[in-house]
Each structure stands twice: as structure tokens, then as C-alpha cells.
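Hi everyone, thanks for coming. Please have the sequence and the 3D view open while I talk, and stop me whenever you like.

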Amino acid sequence: GKWLFAHNGTIHGFSNLKDQIRAQAWWETAPRGHTDSETLFHFFLGKMAENDIDPSGEAPIPIPQLAQTLKAGVDWIHQAVTREGERPPTLNFLLTNGKVFLGNRHGRELWFATQKLFCADKETCKEPNKFCMLPTRPGTLVNHLIVASEKIGDEDRWEEVPEDTLVTLDENFHFRLF
């Protein structure tokens, strides 16, 4: 479908858990790979389908419902790994269908920036509302979002994503943490 998924982490004990996780997954076609990342992506697609969220990414996506679904999925994986006696999983991931964007932190650092300390392009920037140049977000509306595993560059005001939190952005550039 329309989804793009990137996972920065590890499901420890995956070889012992993959059948349990794959039983919960949504597969439009047979899996091509055998990684924890591919399985995790299809696991989340399965959870979306269970919660009446279109796993193809074509239909409108209610971000609060999707955030709740993904958080429940992360919790399910975490509990399954813990029951196996393995180290807790690291489940940092990004998910987007081009209209909504979600970034999850679980088990390792994750950072985001919506505000700038300075901008080399400020004078030529076509954006009429330079919300990004304010010291703090004036509300939920932003004009950019950067999510990274570590702070990069010195132009942005980096904020740490709290553990077990999702960073979200809708197609109208409304930013929220769940």
C-alpha cells in the first residue's frame, strides 16, 4: 500500500517469537524477507486492520486511533519478548503514508525538532508564517518536523522524545505527542 516503515531497533529473541508475531500480522502477499523489521511492519498493519484502520494507507487515517493502535502493538511485542526472558526490545520506528507521519520511541533515544535556533534560508524562505523561528511552538501548528536517533546539526532546537511516546504530524502540519 502507501505505507513506508523504518525500524531502528531489535526484537531480542526474534527467532523464538517470529511465529507468534507473524500470526498477528497482515500479509497481502507472502513475506519476502525474514527480518524483525519486516515482520514488525506487517504486525502493525495487522493491528491496524483489527482496529478498523485501512492497512493499505489509502483511506483517511485518524491519528489518535492509529497512535493508540501502535502503542498497544509496541506493548504486545514488549510483553512477548519479556515472557521469553529476553532483553526488552528496542522499537524506534517511523511510519508514514505521505499524509500522516508517526515516530515512536521505545528502548533507545529519539529526538525531534520543530523550532530553529537560526536558519540560513530565513531571508529567502517562502513560508509566510515562520513558526519555526519562535523559541517555542505556538500551538500544534508547525511548518517542519525532523525526527532523528541523535541530534544533527546546530541549526535546530532539539527535544528528546519521552520514552514510549509517539511523535505525530497530520497532513495539515498539526504536531502532537501521544
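I'll go through the sheet, then the helices, then the salt bridges.

One thing to keep in mind first: this is a predicted model.

Let's begin with the sheet. It is an open one with five strands in the order 1-2-3-7-8, and the pairing is antiparallel. Which strands sit at the edges? Strand 1 and strand 8, residues 175–177, because each of these pairs on one side only. From one strand to the next, the twist averages 10 degrees.

Now look along strand 1, residues 4–10. In a regular strand, side chains alternate between the two faces of the sheet. Here, Phe5, His7 and Gly9 point to one face and are buried. Leu4, Ala6, Asn8 and Thr10 point to the other face and are not buried.

Who is the neighbour of strand 1? Strand 2, residues 90–96, pairs with strand 1 in the antiparallel sense over seven bridges. If you want one pair to find on screen, Ala6 has Leu94 in strand 2 as its bridge partner. Moving on, strand 2 is joined to strand 3, residues 101–105, by four bridges, and these two strands also run antiparallel. There you can find Thr96 opposite Phe101 in strand 3.

Next, the helices. Helix 2 lies across strand 1 and strand 2, at about 125 degrees to strand 1. Helix 3 packs on the sheet too, touching strand 2, strand 3, strand 7 (165–169) and strand 8. The direction of helix 3 makes about 150 degrees with that of strand 7.

How do we describe two packed helices? We give the angle between their axes and the distance between the axes. For helix 1 (residues 14–23) and helix 3 (residues 63–83), the angle is about 145 degrees and the axes are 10 Å apart. Their crossing is right-handed. Which residues meet there? From helix 1 we have Leu17, Gln20 and Ile21, and from helix 3 we have Trp76, Ile77, Ala80, Val81 and Arg83. Sorted by class, that contact has six nonpolar residues, one polar and one charged.

Last topic: salt bridges. How many does the structure hold? Six. Let me show you some of them.

Lys47 and Glu50 meet through their side chains, 3.5 Å from N to O. They are three residues apart in helix 2, residues 36–50, so about one helical turn separates them. Is each partner buried or exposed? Lys47 has 11% relative accessibility, so it counts as buried, while Glu50 is exposed at 51%.

Glu155 forms a salt bridge with Lys116, with the closest N and O atoms 2.9 Å apart. Why is this pair worth a look? Glu155 is in the loop between strand 5 and strand 6, and Lys116 is in strand 4, so the pair ties together parts that are 39 residues apart in sequence. Glu155 is partly exposed at 22%, and Lys116 is buried at 12%.

The side chains of Arg137 and Glu159 also meet, at 2.6 Å from N to O. This pair links distant parts of the chain, 22 residues apart: Arg137 is in the loop between strand 4 and strand 5, and Glu159 is in strand 6. Arg137, at 24%, counts as partly exposed, and Glu159 is partly exposed at 29%.

Finally, find Arg105, Glu160 and Glu163, which are linked in a network of salt bridges. Thanks for listening!

Note on methods: Residues numbered from 1 in each chain as written. Predicted model: local features only at pLDDT ≥ 70, side-chain atom pairs only at ≥ 80, totals over all residues. Heavy atoms only, no water. Buried < 20%, exposed > 50% of the residue type's maximum accessible area, 1.4 Å probe, protein only. Pairing = 2+ DSSP bridges. Axes fitted to C-alpha atoms, helices over the stretch in contact; angles between N-to-C directions. Left-handed = near helix turned anticlockwise from the far one by under 90°. Contact = heavy atoms within 4.5 Å. Nonpolar A, V, L, I, M, F, W, Y, C, P; charged D, E, K, R; others polar. Salt bridge = Lys/Arg side-chain N within 4 Å of Asp/Glu carboxyl O.
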